[in-house]
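Biologist: Could you take a close look with me at one part of this protein, and then work outwards from there? I'm new to this, so plain words, please.

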Amino acid sequence: MIRLAAALLLAWAVLAAGCSAWEPVPQGSRHDGPGKSYAVELPAGWLRSRGKSDLVRLTRDGFALEEIVIMRNPQKKPFVRLKKPVTADMLPSELAELQLADFERESETLAAARVIAMAPAQVGGRGGFRLHIAWTNDDGLPLGRVVYGVCDKDHYYMLGFEAPHLHYFDKHLPAFEAMVASFRLAAPP
C-alpha cells in the first residue's frame, strides 16, 4: 500500500511538473493517426502524452492507476518484444496468440497472467481480436489489461487499456470501450 501511495504521489508530481508534456483531451477530440491511417475519438477529460506519432498514451488519474495506449507498428516488427511479423490475412486468433506471447515476455508476472477472454472482434471496421488478461504484480496488486488488435495491408494496430482491478479497471473500462468503438481505419486505396 505504501508503494501504491508513493507511485500516486510521484505520478501527480510528474503531471504537475511536466504540464508541457501532457495535454488535456477536450470533449469530442478526434485524433488522426500518422498519414490519416486511422481516426479515433479520445476520451474527454483524460491527459494525452505528447510524443511519437505512432504511439498515443492516455491516463485519467496517473499511469500507476490507468493507461490507454494506441500503437501502430509495421507488419515486419509489430510487437515490442516478439520478433515475428504479421500479415493482413492472419486469423484474429493467430494475432491474439502472438500478442499474448509478446506480453508474456514483458515480465515474469505477466507470463503467469490468466486469459479471461480471447475472441474475434471488429476493430476499425475490420476483423481483429479482443484479449482480456489478469495478473497480480510483484506487490500483490491485481491488474487487468484489455487489448484489441487488427492489421491493415501495412501495419498492426493495438489498442490497450490497463488498470488495477481495485476501483480503476471497472471505472474506466467503459471509456476505453467507447474509444475502441470510435476507432476507424482508413479505407484501402
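Modeller: Let's start at His165, which sits in the loop between S10 and helix H4 (168–182). Keep in mind that this is a predicted model. Is His165 buried or exposed? Somewhere in between: His165 has a relative accessible area of 28%, so it counts as partly exposed.

Now look at who surrounds it. Leaving aside residues up to four places away in sequence, His165 touches His132, Ala134, Pro142, Leu143 and Gly144. There's also Trp135, which is 30 residues from His165 in sequence, while the two C-alpha atoms are 9.7 Å apart in space. Contacts across the sequence show up in the chain's totals too: take the contacts between residues at least 6 apart in sequence, and 48% of them join residues at least 24 apart.

Next, step back from the loop into strand S10 (residues 155–164), where you'll find Glu162. Glu162 makes a salt bridge with Arg145, and their closest N and O atoms are 2.5 Å apart. Why does this pair tie together separate parts of the chain? Because Glu162 is in S10 and Arg145 is in strand S9 (residues 142–151), the bridge connects parts that are 17 residues apart in sequence. The general idea is simple: side chains of opposite charge can pair when their charged atoms come close.

The two partners sit in rather unlike surroundings. Arg145 is buried, with 8% relative accessible area, whereas Glu162 comes out as partly exposed at 25%. The pair isn't on its own, either: Arg81, Asp102, Glu106, Arg145 and Glu162 are linked in a network of salt bridges.

Just before S10 you'll meet another pair. Asp154 and Lys153 join their side chains in a salt bridge, 2.9 Å from N to O. Here Lys153 counts as exposed at 53% relative accessibility, and Asp154 as partly exposed at 40%.

How many salt bridges does the structure hold? Eleven. One more worth finding is the bridge between Arg48 and Glu23, at 3.8 Å from N to O. That one links distant parts of the chain, with Arg48 in strand S4 (residues 47–49) and Glu23 in strand S1 (residues 22–24), 25 residues apart. Arg48 is buried at 18% relative accessible area, while Glu23 is partly exposed at 27%.

Some charged residues gather at the surface instead. Lys77, Lys83, Lys84 and Arg105 form a positive surface patch. Pick out Lys84 as an example: it lies in the loop between strand S6 (67–74) and helix H2 (92–104), and it is partly exposed, with a relative accessible area of 44%. Why can Lys84 belong to such a patch? Patch members need over 30% relative accessible area and no salt bridge, and the 44% of Lys84 clears that area cut-off.

Finally, zoom all the way out. The chain's secondary structure comes to four helices and eleven strands. Of its 189 residues, 46% count as buried. Its accessible surface comes to about 10,000 Å², and 58% of that belongs to carbon and sulfur atoms. If you get lost, go back to His165 in its loop between S10 and H4, and then follow S10 to Glu162 and its salt bridge with Arg145.

Note on methods. Residues are numbered from 1 along each chain as its sequence is written. This is a predicted model: local features need pLDDT of at least 70, side-chain atom pairs count only at pLDDT 80 or more; totals for chains, interfaces and linings use all residues. Side-chain values use heavy atoms; hydrogens and water are left out. Patches are made of residues with over 30% relative accessible area and no salt bridge: like charges are joined within 9 Å, nonpolar side chains (Val, Leu, Ile, Met, Phe, Trp, Tyr) within 5 Å. Accessible areas come from the Shrake-Rupley method with a 1.4 Å probe; for residues, only the protein chains shown count as cover. A salt bridge is a side-chain nitrogen of Lys or Arg within 4 Å of a carboxyl oxygen of Asp or Glu. Lys and Arg count as positive and Asp and Glu as negative; His and the chain ends are not counted. The place of a charge is taken as NZ of Lys, CZ of Arg, CG of Asp or CD of Glu. Helices (H or I, at least four residues) and strands (E, at least two) are DSSP runs, numbered from the N terminus. Buried means under 20% relative accessible area, exposed over 50%, partly exposed in between (1.4 Å probe, protein chains only). Contact means heavy atoms within 4.5 Å.
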